[in-house]
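This briefing walks through a single protein chain, from its overall make-up to its core, its helix packing and a handful of individual residues. Please keep the sequence and the structure in view while reading.

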Amino acid sequence: MPNNGTLVLSQLSREVTKKSKHKVALLLGYCGDNYYGSQYNEHHDTYPTRPTIEGELFQALGKSKLISTLNAQEFKKNHFQRTTRTDKGVHATGNLISVKLSTSGHDELSIRETINKHLPQDIRIWQIQRVNQNFNARKACGSRKYEYIIPTYNLELGIDKLNIILEANMIKSFDKDDLDIVRKYPTLSIKEQPSLTVSIKDYLQTTHNQLVSYRLSEERWNQFRTVLKMFMGTHNFHNYSSQNKLNSSKAYNQRHIVSIDITKPYQIHGYPGEWISIILEGQSFLLHQIRKMVSISIMCMVRGFPVSSITKSFEPESLSIPKSPSFSLILQETMFTSYNKKLQHIGYDPISFDKCQNLVKTFKENHILNRIIQAEAKDMEFVKFLHYICYSQCLNENNGKQIS
């Protein structure tokens with residue numbers, strides 16, 4: 001005989017099953033720094049301290065009785081499909097997931113409020129809308145638009161001026177005997193010398209306080225824009241993925257960048273430095289592709305690599321391009337322009353984030369931008385990144401050849 005807990009779950013499962021189910025699109029946003037990426041962790045029971053966006057969402061759907069509690073982890077049974085996944089620490093204001101829900105007798109607003117009630121405050125459902133049974137979230141998405149936010153001090157100073165600042169601050173922060181050790185570890189991760197932790201923190205803080213006073217000139221802004229424009233079009237991005245050894249085919253690594261541009265410098269929430277945003281749209285992206293695109297672009301500015309370095313990176317020769325920080329990358333919107341015509345033709349509303357822009361704007365300002373500012377002020381990841389590209393040999397040599 002089953003125990004009472006099993007009976008309760010079985011009854012709940014039958015109750016949900018009796019309700020008619022509809023395939024819906026969940027338009028959502030989240031702040032990613034508390035999660036190990038968006039994709040559900042199949043080993044959640046083994047690693048309960050590694051929450052994911054999809055894991056939290058499916059728990060909320062189960063608690064809302066929109067899916068069977070017994071099937072809350074059975075993604076196939078719920079006809080689950082993701083448009084795109086995001087990595088650990090990456091945020092989103094416009095992602096989309098499709099799933100079959102028991103929505104009978106409830107309007108869209110009440111369903112959304114019920115789900116959000118069971119979600120953490122840093123994950124929000126913006127909108128729920130019906131889609132046809134053949135809707136495939138990943139295939140229907142025509143392009144993805146991302147925003148990458150950068151402190152402008154990463155772009156204003158060239159290697160000579162930057163080295164003067166970094167060297168002076170290292171001399172101030174470290175004992176003479178420790179300087180050589182620090183220079184050998186451009187990542188500043190020196191596990192063999194835990195006593196240096198305080199000195200590293202002091203070095204980063206002093207450097208950060210100096211760098212945030214710099215402002216991006218019009219000339220450097222134009223230079224950076226020119227560098228980024230080199231990514232436009234279709235290219236072999238095999239050097240821009242952490243998966244290229246597993247998926248080395250040229251067809252897999254071929255990606256199309258629809259558009260890429262940058263904003264003018266701006267300030268956020270009283271942070272003393274200024275920022276710019278890179279806005280880029282592509283049909284799809286490889287794992288870590290955007291962070292490596294940003295990385296090599298900053299290196300062109302800091303280390304003076306010519307813009308032809310970008311073109312050369314699309315050639316067959318392998319290059320090891322470091323990743324820029326993840327905490328300021330935002331999946332801005334998933335776009336369904338072509339598929340919307342099909343949806344409208346068969347009587348469904350087009351998929352669009354336009355109706356929820358006020359909700360998105362408030363969430364982005366209160367959660368995502370605040371977290372980005374706090375992370376930069378506390379951890380100074382972009383200072384670490386600048387230190388790394390100044391003191392490492394990345395891209396200087398590849399089998400004895402200069403990248404430039």
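Helices are DSSP runs of H or I with at least four residues, strands are runs of E with at least two, and both are numbered from the N terminus. With helices counted in that way, N209 is found in helix α8, a helix that returns below. The model is a predicted one, and the values that follow are computed from its atoms.

**Overall make-up**

- The chain contains 15 helices and nine strands, and of its 404 residues 51% are buried.
- When contacts between residues at least 6 apart in sequence are considered, 79% of them join residues that are at least 24 apart.
- A search of the whole structure for disulfides finds zero; among the cysteines, C31 counts as buried with a relative accessibility of 0%, and C141 is buried as well, with a relative accessible area of 5%.

**Nonpolar core**

- In soluble globular proteins, nonpolar side chains tend to be buried together.
- In this model the largest nonpolar core has 115 residues, and those with the most contacts inside it are L61, I115, F135, F224, Y240, I278 and I298.
- Helix α11, which spans residues 289-303, supplies the largest share of this core, namely nine residues.
- Once its neighbours within four places in sequence are set aside, F224 touches I150, L155, I262, I276, I278, S297, I298 and M301; two of these partners, I278 and I298, are also listed among the residues with the most contacts inside the core.

**Helix packing around α15**

- Helix α8 (residues 197-211) packs against helix α15 (residues 381-391) with the axes 9 Å apart and an angle of about 95° between them, so α8 is roughly perpendicular to α15.
- On the α8 side of this contact are Y203, L204, T207, H208 and L211, and they meet V383, K384, L386 and H387 of α15; by class, the residues of the contact divide into five nonpolar, three polar and one charged.
- Helix α6 (residues 159-173) also meets α15, with axes that come within 11 Å and cross at roughly 110°, and α6 is therefore roughly perpendicular to α15.
- In this second contact, I159, L162, N163, L166, E167 and M170 belong to α6, while L386, H387, C390 and Y391 belong to α15; the classes here are seven nonpolar, two polar and one charged.
- L386 and H387 of α15 thus appear in the contact with α8 and again in the contact with α6.

**Residues with positive phi**

- Most residues other than glycine have a negative phi.
- H79, which is not a glycine, nevertheless has a positive phi of about 55°; H79 lies in the loop between α2 (53-63) and β2 (81-82) and is partly exposed, with a relative accessible area of 39%.
- L188 likewise has a positive phi, near 65°, in a residue other than glycine; L188 sits in the loop between α7 (176-184) and α8 and is buried, with a relative accessible area of 9%.

**Individual positions and long-range pairs**

- E376 is found in helix α14, which covers residues 357-379; with 0% relative accessibility, E376 counts as buried, because the limit for that class is under 20%.
- Leaving aside its neighbours within four places in sequence, E376 is in contact with P151, Y153, H208, Y271, W275, F327, E381 and F382; one of these, H208, is also listed in the contact of α8 with α15.
- E376 and P325 are 51 residues apart along the chain, and their C-alpha atoms are separated by 10.0 Å.
- N209 of helix α8 is partly exposed, with a relative accessible area of 47%, and its C-alpha atom is 9.1 Å from that of G273, although the two residues are 64 apart in sequence.
- T84 is found in the loop between β2 and β3 (91-101) and is buried, with a relative accessible area of 14%.
- Apart from its neighbours within four places in sequence, T84 is in contact with S38, N95, R144, Y146, L331 and T334.

Key: Residues numbered from 1 in each chain as written. Predicted model: local features only at pLDDT ≥ 70, side-chain atom pairs only at ≥ 80, totals over all residues. Heavy atoms only, no water. Core = buried A, V, L, I, M, F, W, Y, C linked by side-chain atoms within 4.5 Å. Buried < 20%, exposed > 50% of the residue type's maximum accessible area, 1.4 Å probe, protein only. Contact = heavy atoms within 4.5 Å. Disulfide = S-S within 2.5 Å. Axes fitted to C-alpha atoms, helices over the stretch in contact; angles between N-to-C directions. Parallel < 35°, antiparallel > 145°, perpendicular 65-115°, else oblique. Nonpolar A, V, L, I, M, F, W, Y, C, P; charged D, E, K, R; others polar.
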